[in-house]
Amino acid sequence: MALLHRPGRPAPTGRPRRLARTAAALAATLALLPPLVAAGGASAQEVPAADVDVHVNTQAALGRLSDTARGVNAAVWDSHMNDPEVAALMKTADVGAMRYPGGSYADIYHWETHTAPGGYVAPGTGFDAFMGTVRATGAQPILIANYGSGTPEEAAGWVRYANVTKNYGAKYWEIGNEIYGNGHYGSGWEHDDHADKSPREYARQVRAYAAAMKAVDPTVKIGAVLTAPGNWPDGITGAGDPGDWNHTVLSQVTDVIDFVTVHWYAGGSDTSADTAMSRLTRLPGELREVRAQIDRYAGADSPRIGIALTEVNTNTGGAQLTARPNGLFAADAFMTALENGVFNVDWWNTHNGPGAITTVDGETDYGDMGMLASGACTGDVCQPAPNTPFHPYYGMKMTSELGTAGDTMVAAASSAQDLSAHAVHRRDGRLSVLLINKNPDASRTVDLAYAGFSPSAAAPEVSRYARGDSDITDVTHGGASASRVTVPPYGMLTVTLTPKSGTGPGGSAAGTPGTPRLEAVTDTTARLSWAGTTGAARYLVQERDGAHTYLVGETTGTSVTLRNLPPGSTHTVNVLAADAAGRLAAPSDPLTFTTGTPADAACTVDFHRDTSWGNGFVATVSVRNLSDTPITGWTVDWDWPTDGQSVSSGWNATFHQSGRHVRVTAPENAGPLAPDGTSTASFGFVGANDGPNPDPTVFRLNGTVCAGG
């Protein structure tokens, strides 16, 4: 039967729901390619001038691809979820994770009886059948334990059946789906039978679920549900709660969980995938804020807790979901998330069902959130045969051309907003660069330059997905030779180069150091340590600024103290080992840290968020003068951590914002700030945020850095 589905709550209509919620010198320039053959066209006779510069730095590692990096959602209402073609297609795309039993259905699904009261369960979609597809794909399952209508005992029974009785080795278990959507904040789509629907109760139950499940199999990894920062209901504090969902949950569970899950849909009032691609610039900041929240509550244990993006797509309904631009979005979203600290990204969905029919880029768009066709119809317009790939499938598949498990993602920066660049340094020494041209009308000719990598004279391997291509197409022999690449409109290229003999990490006798750890941090210093490696004569600590790096520390040991750091500043560093000849090995995974404020400051500023509502907030700021002289005519300055934050209106002071910088000036009738903290100046404002909304890290009173209140 043809079945439509929503990623959230089940409903008889089956229509998709909308959520209420983006130091080595520069190596020789790459031997550039002449323009590649455009889909269905001939190679140009003259090499066009480059209009985009892309810089790739293999000494700036962003982390390693996990074996679960690429994932998809599967659902018990999907009669095609276990078709043999599904496993074959996902295996070809190097899919390493499959999530089950399907979004909000998880909170009504009972694994043992294979039932979902209030929802539809298709034949042949039981757990064992699903595991047959998982194994045929070569993937791992990500399983969602029923929180909404289940119990810890039911979840423990599932663990016992999966890992003791059947020996499936199911490692990753989420506790519920989007539980924050259970009505506690007013909007409810997620089934939840608990009388107490607060984040406190969810946290208490997560502890109970974790205890019961790990008693059966101590090796399972337990995941708690968070909301993406800057997305509803982030920042909202429910009645009687100590804080919003994320802060309340994390304050109680970091000692028993192994990962957190967030969902990210580009959303917005404009449902076009082109807009969604531009909104991807929000996602890195939102993921950094998730990590900052984990850091706050887990402390030194934070690196143990992973982040999984278990649902992602452009929108939760509307058009432009199977069209070419959503394929570009898929490739960009997978890599953007993975480069910013997640170990798993799962596309919503494998099959989903058609919605509004439109025409996009000259093709029929079926308004379907699936990667593969379900064969269903909207009116008299029917999809292709079941399991026919849509463009998002090829977007995900293109990322498998870039790298596989164990390969290292490295920094890449593009000079053009409509061309994204991602890069992976492979374990065998090759370097792959993915270029995504989001311009529908014009090709982009790209000059590529590298730091830390010297390409050989061999022609690069080139894969393309563009108009006219029915699959990822090998265009290595399309006249490519020396100097630059041209990416077709609405097209993607992956360029893979071999290193010059004797260069790169393979030419060093040293190994890769361990990920640096933050041992101690003050307002101006940070002490780092790391696990040493064989063959290392010295270690270099490099800080990353975009795709560029610069040396900030050097030692023959395995620790270093970085000094003269600005208060409240954020830094991302890698450690590289050099052998006796000075040849650098591959960089460690990155560490990001933020310095504090001075303990002996002459002032304090207390920034208190009174209330929030996802894309706005009200804050009160209190200032005290701790010096021994009064201050007349004060100013308070801070910088917002992200571009989307701003002051809308305020009181008890005058506000001015330029870019991220805010200056607050005392009102004309303000008296002096008394010395020794004996008086307080307070002001407040209404703020807005488009995306994550972290607090400012440092405040200055008349130019002097203050301590936090």
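**Disulfides, a five-stranded sheet and the surroundings of helix 5**

Cys 706 is buried, at 2% relative accessibility. The value comes from a predicted model. The partner of Cys 706 is Cys 603, and the two sulfur atoms lie 2.0 Å apart in a disulfide. Cys 603 is also buried, at 1% relative accessibility. The torsion about this S-S bond is about -95°, so the link is left-handed. Cys 603 belongs to strand 29 (residues 603-612), while Cys 706 sits in the loop between strand 37 (704-705) and strand 38; the disulfide therefore ties together parts that are 103 residues apart in sequence.

A search of the whole structure returns two disulfides. Cys 377 and Cys 382 form a disulfide with an S to S distance of 1.8 Å. Here the angle about the S-S bond is 95°, and the link is right-handed. Cys 377 is partly exposed, with a relative accessible area of 38%. Cys 382 is likewise partly exposed, at 38% relative accessibility. With the bonded cysteines of the protein chain numbered in sequence order, the pairing reads 1-2, 3-4. A disulfide is a covalent bond between the sulfur atoms of two cysteines.

Strand 29 is also part of an open sheet of five strands. The strand order is 32-35-30-29-38, and the pairing is mixed. Strand 32 (645-651) and strand 38 (707-708) form the edges, each pairing on one side only. Inside the order, strand 30 (residues 616-625) runs antiparallel to strand 35 (residues 680-689), with nine bridges between them. Arg 624 stands opposite Thr 680 of strand 35. Strands of a sheet pair through backbone hydrogen bonds, in either the parallel or the antiparallel sense.

A further set of contacts concerns helix 5 and helix 7. Helix 5 spans residues 245-253, and its buried residues are Trp 245, Asn 246, Thr 248, Val 249, Leu 250 and Val 253. These buried residues pack against helix 4 (199-216), strand 6 (221-225), strand 7 (259-265) and helix 7. Helix 7 covers residues 283-298 and contains Gln 293. Gln 293 has a relative accessible area of 3%; this is under the 20% cut-off, so Gln 293 counts as buried. Beyond its neighbours within four places in sequence, Gln 293 is in contact with Pro 229, Asp 234, Asn 246, His 247 and Leu 250. Of these partners, Asn 246 and Leu 250 are among the buried residues of helix 5.

Methods: Residues are numbered from 1 along each chain as its sequence is written. This is a predicted model: local features need pLDDT of at least 70, side-chain atom pairs count only at pLDDT 80 or more; totals for chains, interfaces and linings use all residues. Side-chain values use heavy atoms; hydrogens and water are left out. Helices (H or I, at least four residues) and strands (E, at least two) are DSSP runs, numbered from the N terminus. Buried means under 20% relative accessible area, exposed over 50%, partly exposed in between (1.4 Å probe, protein chains only). Contact means heavy atoms within 4.5 Å. Two strands pair if DSSP finds at least two bridges between them. A disulfide is a pair of cysteine sulfur atoms within 2.5 Å.
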